[in-house]
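Me: Please take a close look at one part of this structure and describe in detail how it is built. Once that part is clear, I would be grateful for an account of what else can be described along the chain.

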Amino acid sequence: MHWYVIQAYSGYEGQVVRALHEYIAREGFESKFGEILVPTEEVVEVKDGKRRKSERKFFPGYVLIQADMDEEVWHLVNSVPRVIGFVGGKSDRPSPISEKEANAILNRIAQAEEGPRLKVLYEIGEEVRVIDGPFNEFNGSVTEVDSEKGRIKVSVMIFGRATPVDLEFSQVEKI
């Protein structure tokens, strides 16, 4: 089986995947199809000091399918509502993406499953307010950012001296 890219209406990728599964089951083509994916990652956004998780698509408007391409498969995929067509190749004979490209996308999906990425980042020198923990209500400036761990070092004034404080992103908000 090879990987193919289908172009779909943006925002309808999930519906296209559900419809493809229904069509495949109805026609009995389970042996001709492998995985059907909408590559996504979970993103954490810090807004007003609160963490919100959301899902972000790597390639909005595109669905990946693993299939043994023949005329029946081509017709089935193109008959699904909100599918524009295959990417690459000729209009009646699509070409698969290379093994290298497929592996790169699958590795990116695997990395995304390891943990959510933080969407909002702080910059060094930026003024922030601590909103949680023992330094609640203190203001300070960002001195170090570790976006992989979701931690931030903030220099706050304690007894008239600048003191570095190690905090999580969720414990501060931008001023």
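Reply: In this predicted model, strand E8 (residues 127–130) is paired with strand E9 (residues 139–146) through three bridges, and the sense of the pairing is antiparallel. One residue pair that can be located by eye is Arg 129, whose bridge partner in E9 is Asn 139. The loop that leads from E8 to E9 contains Glu 137. The backbone of Glu 137 has a positive phi of about 80 degrees, although the residue is not a glycine. Most residues other than glycine have a negative phi, which is the reason for pointing this one out. With a relative accessible area of 59%, Glu 137 is exposed, since the cut-off for that class is over 50%.

E9 also pairs with strand E10 (residues 151–158), again antiparallel, and here the number of bridges is six. Two positions in E9 help to fix the register: Gly 140 stands opposite Val 156 of E10, and Val 142 has Val 154 of E10 as its bridge partner. The hairpin of E9 and E10 has four residues between the strands, and Gly 150 adopts a positive phi near 70 degrees in it.

Beyond E10, the chain passes through a loop to strand E11 (161–168), and Phe 159 lies in that loop. Phe 159 is another residue other than glycine with a positive phi, in this case near 55 degrees. Its relative accessible area is 84%, and Phe 159 is therefore exposed.

These strands belong to an open sheet of five strands, which has the order E11-E10-E9-E8-E12 and antiparallel pairing. E11 and E12 are the edge strands; each has a single partner strand, so one side of each has no neighbour in the sheet. From one strand to the next, the twist averages 45 degrees.

The loop between E11 and strand E12 (172–174) holds Gln 171. At 15% relative accessibility this residue counts as buried, because the class requires a value under 20%. A polar atom of the Gln 171 side chain lies 2.9 Å from the backbone nitrogen of Glu 168. Setting aside neighbours within four places in sequence, Gln 171 is in contact with Arg 129, Val 130, Ile 131, Asp 132 and Gly 133. Arg 129, which is bridged to Asn 139 in E9, is thus one of the residues that Gln 171 contacts, an arrangement that is judged by heavy atoms within 4.5 Å.

As for annotation, an unreviewed UniProt entry assigns "domain: KOW" to residues 121–148. In the model, that span is 0% helix and 43% strand, and its end C-alpha atoms lie 11 Å apart.

Earlier in the chain there is another open sheet, with four strands in the order E2-E5-E1-E6 and antiparallel pairing. Its edge strands are E2 and strand E6 (83–86), each of which pairs on one side only. Direction ignored, neighbouring strands of this sheet are turned by 25 degrees against each other on average. E2 is joined to strand E5 (residues 62–67) by three antiparallel bridges, and Phe 33 has Ala 67 of E5 as its bridge partner.

Helix H2 (residues 71–79) packs on this sheet and touches strand E1 (2–8), E2, E5 and E6; the direction of H2 makes about 150 degrees with that of E6. The buried residues of H2 are Val 73, Trp 74, Leu 76 and Val 77. Viewed down the helix axis, these residues fall within an arc of 165 degrees, so they line one face of H2. The elements they pack against are E1, H1, E2, E5 and E6. At the start of H2, a side-chain oxygen of Asp 70 comes to within 3.1 Å of the backbone nitrogen of Glu 72.

Glu 72 and Leu 76 also bring Phe 29 into the picture: not counting residues up to four places away in sequence, Phe 29 touches Ile 24, Glu 72 and Leu 76. Phe 29 is placed in the loop between helix H1 (13–27) and strand E2 (33–37). Although Phe 29 and Glu 72 are 43 residues apart along the chain, their C-alpha atoms are separated by 9.0 Å. Phe 29 has a relative accessible area of 14% and is therefore buried.

Notes:
Residues are numbered from 1 along each chain as its sequence is written. Side-chain values use heavy atoms; hydrogens and water are left out. Buried means under 20% relative accessible area, exposed over 50%, partly exposed in between (1.4 Å probe, protein chains only). UniProt positions are given in the numbering used here, feature names are shortened, and annotations may be inferred rather than shown by experiment. Two strands pair if DSSP finds at least two bridges between them. Axes are lines fitted to C-alpha atoms, for helices over the stretch in contact, and angles run from 0 to 180 degrees between N-to-C directions. The arc is that of the directions from the helix axis to the C-beta atoms. A polar contact is a pair of N or O atoms within 3.5 Å; within protein, one must be able to donate a hydrogen and the other to accept it, and residues adjacent in sequence count only if both atoms are side-chain atoms.
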